[in-house]
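Me: Please take a close look at one helix pair in this model. Tell me which residues meet there, and how the two helices are arranged. Then move on to the nonpolar cores.

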Amino acid sequence: MNITDICLNCKKDEFYRKTVKNNTDILSLYIFKSGVIIRNNDKEDIYKKEKSFIVTDQNTSYTISATGEYLIFDKISFTISDAINFLSSFNISVNTLYSLSTTEKADITLQNMLGEFYNAQIHKNDMLKHLLGHLLANLADQIKAETFVSNCPYYDKLLEIRHDIYSRPSEKWTVDIICKQINLSRSYFQLLYREAFGITCINDVIESKISLACNLLENTSNTVSSIAKQCGYDNDVHFMRQFKKNRGCTPSEYRKKEH
């Protein structure tokens, strides 16, 4: 993956009309913070009053315009092999405009991405890939919210908890601690979490730790023992057992394979 451009809080007036067609294999993620009209290859206009996002590919031409006084959006352009499978892992399709309830969590990740984009460190592309994955996961969660939120008054809180788990994987998260935070019974919380995200809370906690471990194994020379501690494990054996169960190999084998 390679991030080729990041532009945040682009502001255009009501007369703005932009025809967009990506070059080569570049994909573009647009996050619209105001109403937008998108016309796809002279087809019927897609109109959104609220916040929304779309990932455009290199094969489709779009005309983007404002619905009101201003059009405000963020844009990330990137290249990646097997883009369709990459996006489908988040249940996101190209050339589809999705509604968003909020952009607050996305804004935080985007600011971090912009900082990394202008960072001269050797591993910046790896960090940008990690952050883009985190951003797409957050957007995918909001898509799922469209069908879940009306039946679950706790969905926003569940999203916040999941965001915290993946933002701070080194912490010692437990179901009991989380249940106290949101004042839910253990069984009801676990039911809601699985319905919302298709995974149990504990398995999500483990995945957040293993994902961080993979990133550290790929991009640092830290020892396995040191990485275990950075991921919140007190016991190296426990860490290695969970890693092998989730990735099918030991941490050392994973590092050799990725290098």
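Reply: In this predicted model, R162, I165 and Y166 of α4 meet C201, D204, V205, E207 and S208 of α7. By class, this contact has four nonpolar, one polar and three charged residues.

Now the geometry. Helix α4 covers residues 155-167, and helix α7 covers residues 201-219. They pack at an angle of about 30°, and their axes are 8 Å apart. Angles under 35 degrees count as roughly parallel, so α4 and α7 are roughly parallel to each other. The crossing of the two helices, α4 and α7, is right-handed.

Next, the cores. The largest nonpolar core has 30 residues. Within this core, L29 and L135 have the most contacts. Several elements each supply at least two of its residues. The strands are β1 (2-13), β3 (27-32), β6 (52-56) and β8 (70-79). The helices are α1 (83-88), α2 (104-117) and α3 (124-148). Of these, α3 gives the most, with eight residues.

L29 deserves its own look. Neighbours within four places in sequence are left aside here. L29 is then in contact with F53, I54 and V55. It also contacts D74, K75, I76 and F78. L132, L135, L136 and L139 complete its list of contacts. Thus L135, which shares with L29 the most contacts inside the core, is itself a contact of L29.

A second, separate core has 19 residues. Among them are L158, I178, C179 and L184.

Methods:
Residues are numbered from 1 along each chain as its sequence is written. This is a predicted model: local features need pLDDT of at least 70, side-chain atom pairs count only at pLDDT 80 or more; totals for chains, interfaces and linings use all residues. Side-chain values use heavy atoms; hydrogens and water are left out. Axes are lines fitted to C-alpha atoms, for helices over the stretch in contact, and angles run from 0 to 180 degrees between N-to-C directions. Helices (H or I, at least four residues) and strands (E, at least two) are DSSP runs, numbered from the N terminus. Angles under 35 degrees count as roughly parallel, over 145 as roughly antiparallel, 65 to 115 as roughly perpendicular and the rest as oblique. A crossing is left-handed if the near helix is turned anticlockwise from the far one by less than a right angle, and right-handed if clockwise. Contact means heavy atoms within 4.5 Å. Ala, Val, Leu, Ile, Met, Phe, Trp, Tyr, Cys and Pro count as nonpolar, Asp, Glu, Lys and Arg as charged, and the others, Gly among them, as polar. A nonpolar core is a set of buried Ala, Val, Leu, Ile, Met, Phe, Trp, Tyr and Cys residues joined through side-chain atoms within 4.5 Å. Buried means under 20% relative accessible area, exposed over 50%, partly exposed in between (1.4 Å probe, protein chains only).
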